Amino acid sequence: MSLYYVQKLLYQLNRDPAVRRRFQEDRDDLLSEYQLTDEERDAIVEGNIGLLYVMGVNGQILMHYSALLGQKWEEYLEAMREGVRKYGPVRAGLYTLLEDREQTWRPDLHGNR
Amino acid sequence: MSVVFAGVCSHAPGITGRADRADPAVRDAFYAKLDEMRQRLEASRPDALIVVAAEHFANFFMNNMPAYCMGMAESYEGPIEDEKWLGIERTRVPGNAGLSRRIIEAMLHDIDLAYAEEWKFDHGIMVPLHFLTPRYDLPVIPVNINCQGPPLTPLARAYEFGRALRRACDAQPERIAIVGTGGISHWPATPNSGVINEEWDREFLRRFLANDREALISYTDAETFRDAGQGGFEIRTFIAIAGATEGKTGELLFYAPIPIFAVGCTVATMAV
């Protein structure tokens, strides 16, 4: 597990257009600069938001990667829930302690309240 | 001169980015109170605005994470996020490097404060500025308190930070406004996004508005995480404002949970 480097890559991707360009044009070279497991590398390349959430990526970093991938807000929230259903509880970071709160409100995928 | 204005407000990106999705009546009432805060801020005729914020991995990462940092640049750029996603156009915000430097030099007697001559604003500062200085014509000095990547500064230190900020500002000739911005309870960008613990928020606001230091700093991070989510760690920004206005109390202009904004939307001023 190298959650630190997964988050570092996504942090730099979010804030630096030059890193985004390399991510599009020379991805292997860019990713080789980070200490990533195969699972982490695949999750990033595939844009597997659910698995990245389960790995422990902070939502304040992850939501921007989701936006970069073109996901709508509700799709992002659902991807995280799907990740937990598919891969199990969050493995590292702050959210290992996160309990599923009773949702008094949840928009559907079309954004209806 | 001195501190001429102090207040707090929310900064969630949904406030602008998902504006069209909220109940218009509640949203517009919230916006109206933000505008009232703007009017009060302008009426105080500030020379500069210090925004005590809790940024979200726009400038600071776990390779070198300051507990406290103040900007010391001539200008700042923001938002760092996609303009359409946030609903705020990218712009350059004026700073005041000389004033920053004098405040930092004064504060270092009390607080080990980091400084940054380069800083890109994220929604944590741009959303408040969008409402409070919509023409971006007031010099801004950003402050970040790390509320994202634990270990975090203790709440008592956040109050001390506010006290030190006040002492430093009072020693300057400029008229200075201070605005703290953070969530109260919220679970931003997680599957619990949209959950708001209104009861917890109202009790926190009661303590804040009364400027009850002992009650404000009595929360443990474990309690806050349990009851108010990881977004609750941002109470540090409010507590810093309480420290900067020690002995004074506040006025709540607005509070209402707005789930699509993912936070209990808050506008308040503190006597200075």
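**Backbone geometry, strand pairing and core packing in a predicted two-chain model**

B:Asn211 is buried, since 21 other C-beta atoms lie within 10 Å of its own and the threshold for burial is 20 or more. The structure described here is a predicted model, and in it B:Asn211 adopts a positive phi of about 50° although it is not a glycine. The residue is placed in the loop that lies between H7 and helix H8 (213-216) of chain B. B:Asn211 is also one of the residues in contact with B:Gly250, a set that, once neighbours within four places in sequence are left aside, further comprises B:Phe208, B:Leu209, B:Ala268, B:Thr269 and B:Met270. B:Gly250 itself is found in strand S9 (residues 250-258) of chain B and, like B:Asn211, is buried, with 21 other C-beta atoms within 10 Å. Between the C-alpha atoms of B:Gly250 and B:Arg206 there is a separation of 9.4 Å, although the two residues are 44 residues apart along the chain.

A positive phi, of about 60°, is likewise found at B:Ala189, which is not a glycine. This residue belongs to the loop between strand S8 (176-181) and helix H7 (198-209) of chain B, and B:Ala189 is classed as buried because 26 other C-beta atoms lie within 10 Å. Cis peptide bonds occur as well: the bond from B:Gly78 to B:Pro79 is cis, with omega near 0°, and the bond joining B:Pro150 and B:Pro151 is cis with omega about 10°. B:Pro79 lies in the loop between strand S4 (75-78) and helix H3 (83-86) of chain B, whereas B:Pro151 is found in the loop between S7 and H6 of chain B.

As a whole, chain B contains 10 helices and 10 strands. Its C-alpha atoms fill a box of roughly 45 × 40 × 40 Å along the principal axes, and its radius of gyration is 17 Å, which agrees with the value near 19 Å that a compact globule of 272 residues would have. Of these 272 residues, 58% count as buried. Where contacts in chain B join residues at least 6 apart in sequence, 84% of them link residues at least 24 apart.

Strand S3 (residues 68-71) of chain B is paired with strands on two counts. With strand S7 (residues 140-145) of chain B, S3(B) shares 3 bridges in an antiparallel arrangement, and within this pairing B:Met70 stands opposite B:Val143. With strand S6 (residues 114-116) of chain B, S3(B) again shares 3 bridges, here in a parallel arrangement, and the bridge partner of B:Met70 in S6(B) is B:Tyr115. Along S3(B), B:Tyr68 and B:Met70 point one way and B:Cys69 and B:Gly71 the other way, and all of these residues are buried.

The largest nonpolar core has 116 residues, and the residues with the most contacts inside it are A:Leu62, B:Ile178 and B:Ile241. Helix H6 (residues 155-170) of chain B gives the most to this core, with 8 residues. Apart from neighbours within four places in sequence, B:Ile241 is in contact with B:Ala6, B:Val8, B:Val52, B:Gly162, B:Ile178, B:Gly180 and B:Met270; of these, B:Met270 is also in contact with B:Gly250.

The contact between the two chains takes 28 residues from chain A and 26 residues from chain B. On the side of chain A that touches chain B, helix H1 (3-15), helix H6 (59-68) and helix H7 (73-87) of chain A each supply at least two residues, and the largest share, 7 residues, comes from H6(A). The residues on this side of chain A divide into 15 nonpolar, 6 polar and 7 charged.

Confidence in chain A is described by a mean pLDDT of 88, with 87% of its residues reaching 70 or more. Among the elements of chain A, helix H5 (residues 49-55) has the highest mean pLDDT, 97, and H6(A) the lowest, 94. Over residues 105-113 of chain A, pLDDT stays under 50, and the model has 14 contacts beyond four places in sequence for this stretch. Where pLDDT is low, predicted coordinates should not be read in detail.

Notes:
Residues numbered from 1 in each chain as written. Chains lettered and ligands numbered in written order. Predicted model: local features only at pLDDT ≥ 70, side-chain atom pairs only at ≥ 80, totals over all residues. Helix = DSSP H or I, 4+ residues; strand = E, 2+ residues; numbered from the N terminus. Rg over C-alpha atoms; globule rule 2.2 N^0.38 Å. Buried ≥ 20, exposed ≤ 12 C-beta atoms within 10 Å, placed from the backbone. Contact = placed C-beta atoms within 7 Å. Nonpolar A, V, L, I, M, F, W, Y, C, P; charged D, E, K, R; others polar. pLDDT = per-residue confidence, 0-100. Pairing = 2+ DSSP bridges. Core = buried A, V, L, I, M, F, W, Y, C linked by C-beta atoms within 7 Å.
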